[in-house]
Amino acid sequence: FHPKQVWRRLQRQVRLRDDAVKLAWGLPIQVDPQCIMGFDIVNRGVYDIVVPETLYRLLDPGEFAVDAGANIGQNSSILALRAGPSGRVLALEPHPEIFARLQSNIARWQGLPLAPIEARATGLSSAAGRGLLYDPEGFTANRGSATLQPGHEQRPSRAIELNTLDEIVPVGETIGVLKLDVEGHEAAVLQ
């Protein structure tokens, strides 16, 4: 009953096959179309439009930004675009599988007029050390939901490195914007 849907579905398959998915601001990105975030990016060019729009409005060109819980890098990319070549972005993602995709996406943006993005495979907490990262039920559908908070519906995933914000931000550096999406562990990070 909706021929446009068939056309959109065919276009989506071609973009995925050709690895030609782009964010709304034109940067190429590799996504998992089975994941909620990837599905939205393939279909709309953005996931949760309010967050990247807010980040873009809050950060000034040349500033330093931290993306804690960077996932595959959508928000890191908008921060780097806004900060420009004179700014810097620190992207933190503790989940090894997601971190690999983040690194791949950052490599795609090399040579573009963006702030350099430094990616680190670490989580943030109130103290440095090791922590246990849990993958909740349905993790494959929402790959941004791994957490340090244990729960009855979660299974242990892996031990990860933890750092404090004070340890990873260079001394004397002023953070223009801190995006903090650490699945229930925000209070510990802010301690």
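I began with the inventory of secondary structure and found 7 helices and 7 strands in the protein, keeping in mind that I am reading a predicted model. I then followed the order of these elements along the sequence, which runs α-α-α-β-α-β-α-β-β-β-β-α-β-α.

Next I looked up totals for the whole protein. Of its 191 residues, 42% count as buried, and the accessible surface comes to about 10300 Å², with 53% of that surface belonging to carbon and sulfur atoms. For the contacts with a separation of 6 or more, I noted that residues 24 or more positions apart account for 67%.

I turned to helix H2, which spans residues 36-44, and asked which of its residues are buried. I listed Met 37, Gly 38, Asp 40, Ile 41 and Val 42 as buried there, so that an aspartate stands in the list beside Met 37, Ile 41 and Val 42. Just after the helix I came to Gly 45, which follows H2 and has a positive phi, near 85°.

I stayed with backbone angles, since most residues other than glycine have a negative phi. Asp 48 is not a glycine, yet I read a positive phi of about 55° for this residue. I placed Asp 48 in the loop between H2 and helix H3, the latter covering 50-58. Is Asp 48 buried, partly exposed or exposed? Its relative accessibility is 40%, and because partly exposed covers the range between 20% and 50%, I entered Asp 48 as partly exposed.

I made a parallel entry for Asn 71, a residue other than glycine whose phi is also positive, near 55°. Asn 71 lies in the loop that runs between strand E1 (64-68) and helix H4 (74-83). I checked the accessibility of Asn 71 as well, and since its relative accessible area is 10%, under the 20% limit, I recorded Asn 71 as buried. Set side by side, my two loop entries read as partly exposed for Asp 48 and buried for Asn 71.

My last entry concerns Ile 160, which I located in strand E6, residues 154-163. Ile 160 counts as buried because its relative accessibility is 5%, again under the limit of 20%. I then asked how many residues along the chain lie between the positions of Ile 160 and Gly 123, and what separates their C-alpha atoms. The two residues are 37 residues apart along the chain, and I noted a C-alpha separation of 7.2 Å.

Note on methods
Residues numbered from 1 in each chain as written. Predicted model: local features only at pLDDT ≥ 70, side-chain atom pairs only at ≥ 80, totals over all residues. Heavy atoms only, no water. Buried < 20%, exposed > 50% of the residue type's maximum accessible area, 1.4 Å probe, protein only. Helix = DSSP H or I, 4+ residues; strand = E, 2+ residues; numbered from the N terminus. Contact = heavy atoms within 4.5 Å. Areas by Shrake-Rupley, 256 points an atom, 1.4 Å probe, with all protein chains shown as cover.
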